[in-house]
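Here's a quick tour of a protein model, starting with the empty spaces inside and moving on to the packing around them. Have the sequence and the 3D view open as you read.

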Amino acid sequence: MKIEEVFRERLNRHHDELRWLYMELYNNSDMFAELCDQMYRFAMERAAEFRRLDTQREKAPGWFRKNDMLGMMLYIDNFAGNLKGVKEKLDYLKSCNVNCLHLMPFLETPKGRSDGGYAVADFRKVQPELGTMKDLVELAKACHKKQINLCMDFVMNHTSEEHEWAKKARQGDGEYMSRYFFFDNPAIPREYDRTVPQVFPTTAPGNFTYLNERGSYVMTSFYPYQWDLNYKNPRVFNEMMYNFLFLANQGMDIIRIDAVPYIWKELGTQCRNLPQVHTIVRMMRMISEIVCPGVLLLGEVVMEPEKVVPYFGTVEKPECHMLYNVTTMATTWNSVATRDVRLLKKQMDIVNGLPKDYLFLNYLRCHDDIGWGLDYGTLKSWGMDEAEHKYFLNCYFTGNQQGSESRGELYNDDPVTRDARFCGTTASMCGVESAVYERDEEKLSNAIRLDLMLHAYMFTQSGIPMLYSGDEIGQLNDYAYRENPEKREDSRYIHRGSFPWKLAKLNQEKGTLQERMFSGLRQLEEIRRSRKVFDSSTATYTYDVKDPAVLGILRENEEERFIGLFNFADEERTAWMEEEGVFTNLITGEKGALCNVTVPGHDFLWLSRKKEEK
Ligand code: GLC
């Protein structure tokens, strides 16, 4: 079929619904016609090899749901200097079994006012130090040759104040002012502030910024230099969709839609998760299925479970392909601090009960802080107070609590309410940093055991596990950001250190921290990708083993019954259970009956029975 015909067919499939939603939101048929023309243009411009992938993937729509998927997220400069450097390091990523690479934001952004790249000044230009669009396309092609998918951010809620639209708006050009939220007196901003919570209450309080030279206020939900875009203006929607398609056409496989719940604002609401957000995401899904159906949408929805799930849309009208399993992540660390898996089990039961079509991205740490978004209703029914509990968690993870070897720093702490979020690398949170510092071998072994147990538990969940670069060698917190005036105020930089290549080389030297982590993870990854029981379509349940510190997970398909046991306590515990048949310990290869098994402190067991062995 000719590419024009393929395009027409895909457009026809979605045209009516797309037009309907567009008109509902904008009631502007000229702008809709323009959108269709541009979709055609981007479809024709799409390189032949990316079009080939589109066709393949349309034929195998579940291509990204397999148990061999393993992601890693990294900063280009920290990892390899620039895009060309990343291309040279793909073999290292392959050695980590990674086949899905999320590059942290790399588009043009002003120095010192970049929010780690999330303040984009030009959606079509790579930050010069990191390379060019050509380098990006070459990297995408090199990744595809090695069966690695490439993921980038699409920061759609706001632009940098240095974006050309913002510059023109600042000069008073009405056309461009209407692409943002401008107010010439504080009355309406004050109204908004009454209902809109703050994202960065300490580092960037409020939701508006006063522009001296204009004498007006502009909406800035994040940092003052990140101006919120006004999606009520169809010009904003159209232009941002063109940027989205432009980026997709550089060979991206996954596009992470940053801060998506925030994109629609309505006075008198919280300005989060409004119905129009879902209309927009649904339109994006259709637009990408028309132009670049091989591209997946990953929604960044850092919210409680009831808010997250609607971003999958419905079976007939899907929105995102994948979402972050954020509450499970935060609840995991809660279990680490409390040695109690009850809340985690409850959370996992919710996720396991969702349709298998919903694909989650599982992770222990990412580039952001951990906000303590837990199920406080349940905790309250167990007699725990939200503020007190958050305070406990923050004391625990900063190492100011008995029994804690964790190291890290608070984020956006409010001395009045004592509310705060937390930053630190996985290894530092697990106690590796304090053990290395104290040169205490026993502590180090315990910390590595905990770190590996958490990864094993993450790999046991359904979905795509996403490693944070450096975690594969136990990278520690990096305190250098404190000396850098551009980063000092933002403690998230503690876990955004340069990748220590010298230490990484030690991953081949038996007995080093790096080797223990690296080979431990590799074994887990290899087991995971070789067994269908880890496929996200597999029936998965928690398994009650009658000890509040031990989490049991059961995965079962026609051939195999898999049980994972994870001990969150420091000391040995018993998983009270009785299973029929002979189980194999997948790590040691030992075989035996499964009845009331003991699990060493902070350790795990991966046990499996092939059905015919019963
Ligand atoms: C997302 C990013 C975060 C950034 C924010 C604003 O939440 O993960 O790093 O600060 O969006 O773009």
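## Holes in the model

First, a bit of vocabulary: on a 1 Å grid over the protein atoms alone, a cavity is a set of points where a 1.4 Å probe fits but cannot get out, and lining residues have an atom within 4 Å of a point. Grid points are joined across faces, edges and corners, and a volume is the space filled by probe spheres set on the points. This is a predicted model, so local features need pLDDT of at least 70 and side-chain atom pairs count only at pLDDT 80 or more, while totals for chains, interfaces and linings use all residues. Residues are numbered from 1 along each chain as its sequence is written, and side-chain values use heavy atoms, with hydrogens and water left out.

There are 7 cavities of 30 Å³ or more, and the largest holds about 190 Å³ of space. Its lining has 16 residues, with V351, N352, Y358, F360 and S462 nearest the centre. Helix 15 (342-352) and strand 14 (359-363) each give at least two of the lining residues; helices (H or I, at least four residues) and strands (E, at least two) are DSSP runs, numbered from the N terminus.

## The runner-up

The second largest cavity comes in at about 130 Å³. It is lined by 17 residues, and Y468, S469, Q475, H495 and G497 sit closest to its centre. Strand 1 (71-74) and helix 4 (76-80) each chip in at least two.

## Greasy packing

A nonpolar core here is a set of buried (under 20% relative accessible area, 1.4 Å probe, protein chains only) Ala, Val, Leu, Ile, Met, Phe, Trp, Tyr and Cys residues joined through side-chain atoms within 4.5 Å. The largest one has 189 residues, and M39, L103, Y231, W333 and W606 have the most contacts inside it. Helix 20 (residues 441-460) gives the largest share, 11 residues. A separate second core of 14 residues includes V545, L554, L594 and L607.

## A strand with two partners

Strand 9 (residues 216-219) is buried on both sides: S216 and V218 point one way, Y217 and M219 the other. Strands pair if DSSP finds at least two bridges between them. Strand 9 runs antiparallel to strand 7 (residues 182-183), with 2 bridges, and antiparallel to strand 8 (residues 208-211), with 4 bridges. Y217 has F183 opposite and also Y210 opposite.

Notes:
On a 1 Å grid over the protein atoms alone, a cavity is a set of points where a 1.4 Å probe fits but cannot get out, and a pocket is an open set with protein on both sides within 12 Å along at least five of seven lines; lining residues have an atom within 4 Å of a point. Buried means under 20% relative accessible area, exposed over 50%, partly exposed in between (1.4 Å probe, protein chains only).
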